[in-house]
Amino acid sequence: MTADLDPARIIRLERVMDAPRELVFKALSDEKHLDQWWGPEGFVNETHAMDFSVGGLWHYTMHGPDGKDWPNWIRYTEITPPARIAYDHGGERGEPAHFRGLILLEDEGGKTRVSLILIFETAEARDATVDFGAVDGGRQTLAKLERYVAGLEA
C-alpha cells in the first residue's frame, strides 16, 4: 500500500472530529446515514442499493444544487470496523473505477481522526480531479460528516 500512496497520485484530506470512531464508522456504513451527509454542500444523495460488505456495492446518485445528477457506485474491497474502509469508486454502472478510496478512522482520546485518501492510477488523473474541485468538495463532505455525527451524539 505504501507504493500506492505516491503523493503525485493521491488526494488526502483529514479532519479530527469530537466523536468516538464507532459512531463515525456507523455514519459511514449505513445508507440511512450516508444519504444525510455524503457529498459537498448543496448536494443531496439518493441511494438505489447498498450492500455494506466486502465485494458489496453502494449505487447512488448525487443530485447537485444546479439540478445536475451525478451517478456513482462504490464497491467495497475492505471493511475493518471501526477503523478502515477501502473501496473502488466509479460513475456510471459498468464503467471502470475512477479511483480507489481509503477511509481511516483513528482514535485520538475519544475523538476521531478521519483520513480520506483517494488513489489514482496516474498523476494526470489526480490533477484532473483536483482541477474539477475535489479537494474543496472533500473538505465540505468531511465538515458535513462532522456536523451529522455531532447530531447523532446529542
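This report covers the largest pocket, the strands S4, S5 and S6, and Trp73 in a predicted model.

Residues are numbered from 1 along each chain as its sequence is written, and side-chain values use heavy atoms, with hydrogens and water left out. Local features need pLDDT of at least 70 and side-chain atom pairs pLDDT 80 or more, while totals for chains, interfaces and linings use all residues.

**The largest pocket**

The largest pocket has a volume of about 820 Å³. A pocket is an open set of points on a 1 Å grid over the protein atoms alone, where a 1.4 Å probe fits, with protein on both sides within 12 Å along at least five of seven lines. The volume is the space filled by probe spheres set on the points, which are joined across faces, edges and corners.

The lining counts 30 residues. A lining residue has an atom within 4 Å of a point. Met62, Asn72, His89, Phe99 and Phe132 lie nearest the centre. Strands S4, S5, S6 and S7 and helices H3 and H4 each give two or more residues to this lining. H4 (134-153) gives the largest share, six residues. Helices (H or I, at least four residues) and strands (E, at least two) are DSSP runs, numbered from the N terminus.

By class, the lining has 19 nonpolar, eleven polar and no charged residues. Ala, Val, Leu, Ile, Met, Phe, Trp, Tyr, Cys and Pro count as nonpolar; Asp, Glu, Lys and Arg as charged; the others, Gly among them, as polar.

**The strands**

Two strands pair if DSSP finds at least two bridges between them. S5 pairs with S4 and with S6, as tabulated.

| Pair | Sense | Bridges | Opposite residues |
|---|---|---|---|
| S4 and S5 | antiparallel | seven bridges | Glu78 and Ala86 |
| S5 and S6 | antiparallel | six bridges | Ala86 and Leu102 |

A hairpin of three residues joins S4 to S5. Five of the seven residues of S5 are buried (under 20% relative accessible area, 1.4 Å probe, protein chains only), so S5 is largely enclosed by the rest of the structure.

**Trp73**

Trp73 sits in S4. Trp73 is buried, at 11% relative accessible area. Its contacts (heavy atoms within 4.5 Å), not counting residues up to four places away in sequence, include Leu57, Trp58, His59, Asp88, His89 and Arg93. The Trp73 side chain also reaches the backbone oxygen of Glu92 at 3.2 Å. Pro40 lies 33 residues from Trp73 along the chain, and their C-alpha atoms are separated by 16 Å.

Definitions and conventions
Buried < 20%, exposed > 50% of the residue type's maximum accessible area, 1.4 Å probe, protein only. Polar contact = N/O pair within 3.5 Å; in protein donor to acceptor, adjacent residues only side chain to side chain.
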